[in-house]
Amino acid sequence: MYQIRSFTGKVERSYKKAILKLVEQDPESITALSFTKDSPLYSYLAKYEVLKVEEYLKRVNNKKTSEMRLIVAEASNKIVGYLLYHENLEARNEVSISSVIISKKHRKKGLLTKMINHLKADGKS
């Protein structure tokens, strides 16, 4: 039902758009800040999250900047979740997750676990 895959090259424009759409639909799920849609700061903080993820996507597999990696979860050829991470500079066998989101419709189905297991498998190869 779900396909989990890593990007090894540049992220295609259609994938970037789909990921940013997930963020736009549910920015309060990925921010470190606590806010709801009725907050007067909602539109500002929502835009901040979109810009942050957009910048991370520019860095995917880019060796000139701090290199980010991307794993996506797809259902019926549609992105329903993603995980952005990078290697820890001090300990190359460790990673830091920068951003992750699963579409509300696809939560509680083990997708995050599947993406993390995919990340672990990539690290072993």
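**Exercise 1. In this predicted model, find which residue forms a salt bridge with E55, and state how the two partners are placed in the chain.**

Solution. Begin with the contact itself: E55 pairs with K58 in a salt bridge whose closest N and O atoms lie 3.7 Å apart, which is within the 4 Å cut-off for such a pair. Next, place the partners: E55 and K58 are three residues apart in helix α2, so about one helical turn separates them. Finally, consider the surroundings of E55, which counts as partly exposed because its relative accessibility is 34%, a value between the limits of 20% and 50%.

**Exercise 2. Describe the salt bridge between K52 and E49, and decide whether these residues are buried or exposed.**

Solution. The side chains of K52 and E49 meet with an N to O distance of 2.9 Å. Both residues belong to helix α2, where they stand three residues apart, about one turn of the helix. As for their surroundings, K52 is buried, and E49 is buried as well.

**Exercise 3. Determine how many salt bridges a search of the whole structure finds, and explain what the pair R107 and D26 ties together.**

Solution. The search of the whole structure gives six salt bridges. One of them joins the side chains of R107 and D26, at 2.3 Å from N to O. R107 sits in the loop between β4 and α3, whereas D26 sits in the loop between α1 (13-25) and α2 (42-58), so this pair ties together parts that are 81 residues apart in sequence. The two partners can then be sorted by accessibility: R107 is partly exposed, because its relative accessible area is 30%, while D26 is buried, because its relative accessible area is 5%. As general background, side chains of opposite charge can pair when their charged atoms come close.

**Exercise 4. Identify which residues other than glycine, N77 and K108 among them, have a positive phi, and locate these two in the chain.**

Solution. The background to this step is that most residues other than glycine have a negative phi. N77, although not a glycine, has a positive phi of about 60 degrees, and K108 has a positive phi near 65 degrees. N77 is found in the loop between β2 and β3, and N77 counts as exposed because its relative accessibility is 74%. K108 lies in the loop between β4 (95-102) and α3 (111-124), and K108 is likewise exposed, since its relative accessibility is 86%.

**Exercise 5. State which residues gather with K78 in a patch of positive charge, and contrast the exposure of K78 with that of A73.**

Solution. The patch on the surface is made of K21, K78, K105 and K109. Of these, K78 has its place in strand β3 (residues 78-87) and is exposed, because its relative accessible area is 56%. A73, by contrast, has its place in strand β2 (residues 68-75) and is buried, because its relative accessible area is 0%. A73 is also 39 residues from L112 in sequence, with a C-alpha to C-alpha distance of 8.7 Å.

**Exercise 6. Work out the order of helices and strands along the protein chain, and explain why the chain is as compact as a globular protein of its length.**

Solution. The protein chain holds three helices and four strands, and along the sequence they follow the pattern β-α-α-β-β-β-α. Its radius of gyration is 14 Å, close to the 14 Å that the globule rule gives for 125 residues, so the chain is as compact as a globular protein of that length. Of the 125 residues, 39% count as buried.

Methods
Residues are numbered from 1 along each chain as its sequence is written. This is a predicted model: local features need pLDDT of at least 70, side-chain atom pairs count only at pLDDT 80 or more; totals for chains, interfaces and linings use all residues. Side-chain values use heavy atoms; hydrogens and water are left out. Patches are made of residues with over 30% relative accessible area and no salt bridge: like charges are joined within 9 Å, nonpolar side chains (Val, Leu, Ile, Met, Phe, Trp, Tyr) within 5 Å. Accessible areas come from the Shrake-Rupley method with a 1.4 Å probe; for residues, only the protein chains shown count as cover. Lys and Arg count as positive and Asp and Glu as negative; His and the chain ends are not counted. The place of a charge is taken as NZ of Lys, CZ of Arg, CG of Asp or CD of Glu. Helices (H or I, at least four residues) and strands (E, at least two) are DSSP runs, numbered from the N terminus. Buried means under 20% relative accessible area, exposed over 50%, partly exposed in between (1.4 Å probe, protein chains only). The radius of gyration is taken over C-alpha atoms; the globule rule is 2.2 Å times the number of residues to the power 0.38.
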